[in-house]
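Welcome! Please take a moment with the sequence and the 3D view below before reading on.

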Amino acid sequence: MHRVGSAGNTSNSSRPRKEKRLTYVLNYADDEKHCAGINCLALSKPASDGGDYLFTGSRDGTLKRWELNENAATCSATFESHVDWVNDAVLAGDNVLVSCSSDATLKAWNCLSEGTCIRTLRQHSDYVTCLATAKKNSNVVASAGLGGEVFIWDLEAALAPISKSNDPTEDDCSNGVTSGANPLPVGTLRTIGSSSSISAHLNQSSGYAPTAAKGHKESVYALAMNDTGTLLVSGGTEKVVRVWDPRSGLKTMKLKGHTDNIRALIMDPTGRYCLSGSSDSMIRLWDIGQQRCVHSYAVHTDSVWALASTPSFSHVYSGGRDMSLYLTDLSTRESLLLCTEEHPILQMALQDDNIWIATTDSSVHRWPAEGRNPQKALQRGASFLAGNLSFSRARVSLEGSTLVPVFKEPEFTIPGTPGIVQHEILNNRRHVLTKDSVGSVKLWEITRGIVVEDYGKVPFDEKKEELFEMVSIPAWFSVDTRLGSLSVHLDTPQCFSAEMYSADLNISGKPEDDKVNLARETLKGLLTHWLTKRRQRHGSQASSTNGDVLSGKDFSAKSLAHSRIEVDGNAENDSMVYPPFEFSTVSPPSIITEGSQGGPWRKKITDLDGTEDEKDIPWWCIDCVVNCRLPPRENIKCSFYLHPCEGSTVQILTQGKLSAPRILRIHKVSLLDAAKHIWVVNYVIEKMVLDKPMDNISSEGTFGGPLQHSAIGDGSGLKPIPKFKPLIEILCNNQVLPPDMSLATVRAYIWKKPEDLVLNYRVVQPK
């Protein structure tokens, strides 16, 4: 998991404090589709006479609600707040959806809303992998994860309004960040009953704390609960099924039999029987009362990751790493291969006579399943008797037989967008080349968040070589594709190390030699909607007594006077977003970050409402966008020596080391243009030619005195320059340098040494 932010430095640590990170996720044009594997499914029937709702939770970090009709599925809401994979989701009552994530949180949503997060629950120390709830007692939800923790939550207490104390376990998050959201009426949740001891854990001073079921020493991957919420089972890497009383959190028994990780669990409505699926490829049926395994079923050739049963618990549907969906009669042991997917099966949801299947792909398929009459499916033939040994030992019983699936194609598909599986940051540090799961290669411009070229299915490495540029720009951002799309990470102060001239960015109306900081302009583009809303809330004439600048004119010299580094450009128009940094409002990127309180959050940039402040957004981002300030930066200069070529009769200009901006170019321009362009060549010309007596100047030009100049790269102090233009070449390692090459590029690709750069110059005689 990519960590979105870093906690502050503790008082006992001598390491410098690491500032919070800002990440932005580039969304696809078709944002109604998932772009990564689907980890979980949940079905509900609305109170109205409309079709069912299908909720999908994805590795892209979002959940979606689909309105299902006969052969149609419409995305009616996207639930976006988690900052990492969504691993599981359950419905609690009529209106509440609870999800868990690799970001170590649970989130409660109003499932009938447009995506409102009611509350974020923070109790786990690691990825939260699974959830369970009781159908007849939806007030109880259990959660577990890689930290070995199992918690039982009383939703009525957990979702009750909380005081604005600094409770680290609970956040209101109607907008994805800490805010004053009103939870759903508690009447929408069924109470657990008078025998429950969970409500006793509500502490007025510290907030609600769930019941902890202690006993697991290793990771937990699966949970299940009976309908009334009186029994809870869990399983994981310890290879045993643990049984708990969720009302007290006490362990009641331990069931042994599997030889590898337990990955899936389901219970019958009464709580008498439990089915488990394991990485040992076996399915086991447990009698809880007798505390023993009564049947084992060897139907899969690899790990079993998903189980679903018929309402009567007479048949089980199973899927997993072998990409096969089997139907098995628990009594007769008769099994049937219903279908095969193209990707490993992660979860299933039975809907009448159909079954929805989620896989590591971004699409969801609906297959025929005969859920109301599974015997009808078994009578189609091609069934076999499930063995009771592990498949490696039971292979003999199937030797010579090839199983043919009953169904070849799914009845219906909710398509997803192919996720990105490979990427390469190009040398210009503005473009990223990507390849998705179907082999399509695209070129993204990360400062605008759009695809600028779609190359189709071409060899990735060949396209990468074709797009290579000999240019050196500091690595001001990093990228990962864990969420199926590009996540661009900005860390201070490293992100402010890259600059380009405005001429290279084709910014009209801005002096060509103005230096543009790529991270600063990107932040302005990302937060322009937030800044506009902020100004509207505070008023265009609001004072900036707290250091907040709220209008264009407020980016004043007074603000810059306290700046650690004054940014180039006209401060009067400094809030302007230039075209190379304008992000789409049709498919806007999402921000993932955290401030001083509340933990990480995720939200589209167009959904920011201006109320977010340093409690929600890192202070350095606000300081950059609002106060026009950048942190101290390193390595923005390049040191070099400038000597005449060997054997040259021209004078030695300087014996000392020179320093210039990394982006300074080796460019031959006329002396008339030197007032606008300050290049290495100008420096040489000024020293070699213009400091000489007037009678040494060619009669073609006139000269009124020596040229006064400031440091290299500073355009101030230049006086009118004569028309005389000697031809000067700059060399490095005996190689003539192209005129548009920067010092940083020369150092990286021509000099190639750790020592200070050495440049040579010579006068070229006109032909």
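Here is a short tour of some contacts and local features.

**Getting oriented**

Please keep in mind that this is a predicted model. According to an unreviewed UniProt entry, the annotation "repeat: WD" covers residues 31-76, 121-156, 213-254 and 255-296. One of these spans, residues 121-156, is 61% strand and 6% helix, and its end C-alpha atoms lie 13 Å apart.

**A hairpin and a helix**

A good place to zoom in is the pair of strands β23 (residues 283-287) and β24 (residues 292-297), which run antiparallel and are joined over 5 bridges. Within this pairing, L285 has H295 in β24 as its bridge partner. The hairpin has 4 residues between the strands, and Q291 takes a positive phi near 55° there.

Another residue with a positive phi, of about 60°, is K752, found just after helix α10. Which residues of that helix are buried? In α10 (residues 743-751), they are L743, A744, T745, V746, I750 and W751. As general background, an α-helix has 3.6 residues a turn, so residues three or four places apart point the same way.

**Charged partners**

Side chains of opposite charge can pair when their charged atoms come close. How many salt bridges does a search of the whole structure find? The search finds 28 salt bridges. Three of them are set out here, with the closest N to O distance for each.

| Salt bridge | N to O distance |
|---|---|
| E411 and R366 | 3.5 Å |
| R448 and E445 | 2.9 Å |
| D504 and R665 | 2.8 Å |

Let us take them in turn. E411 and R366 form a salt bridge. E411 lies in the loop between α3 (391-394) and β33 (412-414), while R366 is in strand β31 (residues 364-368), so the pair ties together parts that are 45 residues apart in sequence. The partners have unlike surroundings: E411 is partly exposed, with a relative accessible area of 41%, whereas R366 is buried, at 7%.

For the pair of R448 and E445, R448 is partly exposed at 26% relative accessible area, and E445 counts as buried at 6%.

Next comes the salt bridge in which the side chains of D504 and R665 meet. D504 sits in the loop between β40 (499-501) and β41 (515-517), and R665 belongs to strand β46 (residues 665-666), so this contact ties together parts that are 161 residues apart in sequence. D504 counts as partly exposed, with 29% relative accessibility.

Salt bridges can also be followed from residue to residue here: D31, E80, R602 and K604 are linked in a network.

**Aromatic rings**

A pair of aromatic rings is described by the distance of the centres and the angle of the planes. The structure holds 12 aromatic pairs. In one of them, the rings of Y24 and F583 have centres 5.6 Å apart and planes at 80°, so the pair is edge-to-face. This pair links distant parts of the chain, 559 residues apart: Y24 is in strand β1 (residues 22-25), and F583 is in the loop between α7 (557-561) and β42 (590-593). Are these two residues buried or exposed? Both Y24 and F583 are buried.

F151 and W153 also form an edge-to-face pair, with 6.4 Å from centre to centre and 65° between the planes. F151 counts as buried at 7% relative accessibility, and W153 counts as buried at 1%.

Elsewhere, ring pairs link Y53, F55, F79 and W109 into a cluster. Y53 has a charged neighbour too: the charged end of R65 sits over the ring of Y53, 5.3 Å from its centre. A similar kind of contact involves R263, which lies over the face of Y221 at 4.6 Å from the ring centre.

**Cysteines**

How many disulfides does a search of the whole structure find? The search finds 0 disulfides. Take C624 as an example: its sulfur is 7.5 Å from the closest cysteine sulfur, in C621, which is too far for a bond, given that a disulfide needs the two sulfur atoms within 2.5 Å. C624 counts as buried, at 0% relative accessibility. C645 also counts as buried, at 14%.

Conventions: Residues numbered from 1 in each chain as written. Predicted model: local features only at pLDDT ≥ 70, side-chain atom pairs only at ≥ 80, totals over all residues. Heavy atoms only, no water. Buried < 20%, exposed > 50% of the residue type's maximum accessible area, 1.4 Å probe, protein only. UniProt positions renumbered as here; feature names shortened; annotations may be inferred. Helix = DSSP H or I, 4+ residues; strand = E, 2+ residues; numbered from the N terminus. Pairing = 2+ DSSP bridges. Salt bridge = Lys/Arg side-chain N within 4 Å of Asp/Glu carboxyl O. Phe/Tyr/Trp six-rings, centres within 6.5 Å; stacked < 30°, edge-to-face > 60°. Lys NZ or Arg CZ within 6 Å of the ring centre and 35° of its normal.
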